[in-house]
Amino acid sequence: MPVHILAIESSCDETSAAVICDGTLRSNVTATQSIHEKYGGVVPELASREHLLRIIPVVDSALQQAGTALSAMNAIAYTAGPGLIGSLLVGSSFAKSLALAANLPLITVHHMQAHILAHFISDRRPSFPFICLTVSGGHTQLVLVKDYLDMEVIGETRDDAAGEAFDKTAALLNLPYPGGPLIDRYAREGNPKAFHFPEPVVPHLDFSFSGLKTSIRYFLQDQLKKDSAFVQKNLKDICASVQHRIVTMLLQKLGRAASYYNISHVAISGGVSANTGLRKALQDAGEANGWNVFIPEFEYCTDNAGMIAVAAYYKFLAGETAPLDSAPSPSLSWC
Ligand code: KG4
Ligand code: ZN
């Protein structure tokens, strides 16, 4: 009997549902909330309300696109955290109601572990142990992945996440939220060496991005005093230079981790892994160091339920189900 799982992701501002059958993804439907653009960031209360509006049609489409029905499911999975509590509650309450109504086991999934397990959606997969650099809007982590459900955080940011560094830079440049993809787009036509931003000295495998944000702010203030049109005239070069600095900071620690643990399978995941500069730099570093590099397809970089479904599948195989009174947590610890 094939194992079918319906998975729901609602940790931030994407409402997503996916169906996985025996480890093969059958559908992955994501509704992105554009309402936050005008506020320059995700407004938690609005995000919860948008999830409420979208969750039924999104789950319906995921079942339809997979050519299946709730009655064929063997389990229901949801993102248990970390994330915005109001948003998490919509997904978890919905998943728990479905599990109760259909008398199905429930599976809780850690959002960051799911970003890593997104590498097991495609046919080309890393082998254990591998190192994964997980870069999203809320996290920047280096993870030693020993098995599907056995992972160890070996380095992380001490302040801002890499995605926040992109988004806050974009805000300083008056670009709309989320700024990461826009910086990426402008950077493609800019000179990465045009402006130099300092690189912080952070011990071990940890990261820090808040100093970069401050140096960009002071740099822009100085330049704008001399020429009020500085940003318009130099937007592409500023974006390319900032992106270059963030990418070199990430790659430097990733390289240090790979050589310290003597591991040659190296992956990236999370929203920032959609960044073309990071993807290219990882390919180049892979060639230079003899690594096997793993880069998710764009669809599985930013938040999606496909990654929750694949993580849930491995938890199901391991017999890791959750009780109906399980609750999400905004700061869910690594398990
Ligand atoms: O993983 P994700 O979808 O949500 C969280 O779990 O946080 O990551 C969202 C983050 C945002 O900060 C967004 O600006 C960034 O990923 N991002 C990018 C790109 N696409 C998304 N940053 C740089 N370049 C991109 N192409
Ligand atoms: Zn995420």
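Okay, so Ile8 first: its bridge partner in S2 is Ala17. That's in a predicted model, by the way, so keep that in mind throughout. The two strands here are S1, residues 4–9, and S2, residues 14–21, and they pair in the antiparallel sense over six bridges. Getting from S1 to S2 takes a hairpin of four residues.

S1 has another neighbour too. It runs parallel to strand S4, residues 75–81, with four bridges joining them. There, Ala7 has Ala77 as its bridge partner in S4.

And how many residues of S1 are buried? Six of its six, so to speak: the strand is mostly covered. His4, Leu6 and Ile8 point one way, while Ile5, Ala7 and Glu9 point the other way, and all are buried. Yes, that list includes Glu9.

Right, next sheet. This one is open, with five strands in the order S8-S7-S6-S9-S10 and mixed pairing. At the edges you've got S8, residues 150–156, and S10, each pairing on one side only. Going from one strand to the next, the twist averages 25 degrees.

Let's look inside that sheet. S6, residues 130–135, and S9, residues 265–269, run parallel and are joined by four bridges. Leu133 stands opposite Ile268 in S9. Then there's helix H7, residues 230–260, which packs on the sheet and touches S6, S7, S8 and S9. The direction of H7 makes about 160 degrees with that of S6.

Now the metal, which I guess you've been waiting for. Which residues coordinate the zinc ion, ligand 2? His111 and His115, each through NE2, plus Asp303 through OD, at 2.0 to 2.1 Å. In sequence, the spacing of those donors reads H-x3-H-x187-D. His115 sits in helix H3, residues 111–117, and Asp303 in the loop between strand S10 and helix H9, so this pair ties together parts 188 residues apart in sequence. Are they buried or exposed? His115 counts as buried because its relative accessibility is 0%, and Asp303 is buried as well, at 15% relative accessible area.

Asp303 turns up again around ligand 1. There are 18 residues around that ligand, and the ones that come nearest are Gly137, Asp167, Asp184, Asn275 and Asp303. Some glycines offer polar backbone atoms to it. For Gly137, such an atom is 2.8 Å from an oxygen atom of ligand 1. With Gly271 the distance to a ligand oxygen is 3.0 Å, and with Gly180 it's 3.3 Å.

Okay, that's me done.

Conventions:
Residues are numbered from 1 along each chain as its sequence is written. Chains are lettered from A and ligands numbered from 1 in the order in which they are written. This is a predicted model: local features need pLDDT of at least 70, side-chain atom pairs count only at pLDDT 80 or more; totals for chains, interfaces and linings use all residues. Side-chain values use heavy atoms; hydrogens and water are left out. Donors are N, O and S atoms within 2.8 Å of the metal (3.2 Å for Na, K and Ca); water is not among the atoms, so sites may look incomplete. Buried means under 20% relative accessible area, exposed over 50%, partly exposed in between (1.4 Å probe, protein chains only). Two strands pair if DSSP finds at least two bridges between them. Axes are lines fitted to C-alpha atoms, for helices over the stretch in contact, and angles run from 0 to 180 degrees between N-to-C directions. Contact means heavy atoms within 4.5 Å. A residue is near a molecule or strand if one of its heavy atoms lies within 4 Å of it. A polar contact is a pair of N or O atoms within 3.5 Å; within protein, one must be able to donate a hydrogen and the other to accept it, and residues adjacent in sequence count only if both atoms are side-chain atoms.
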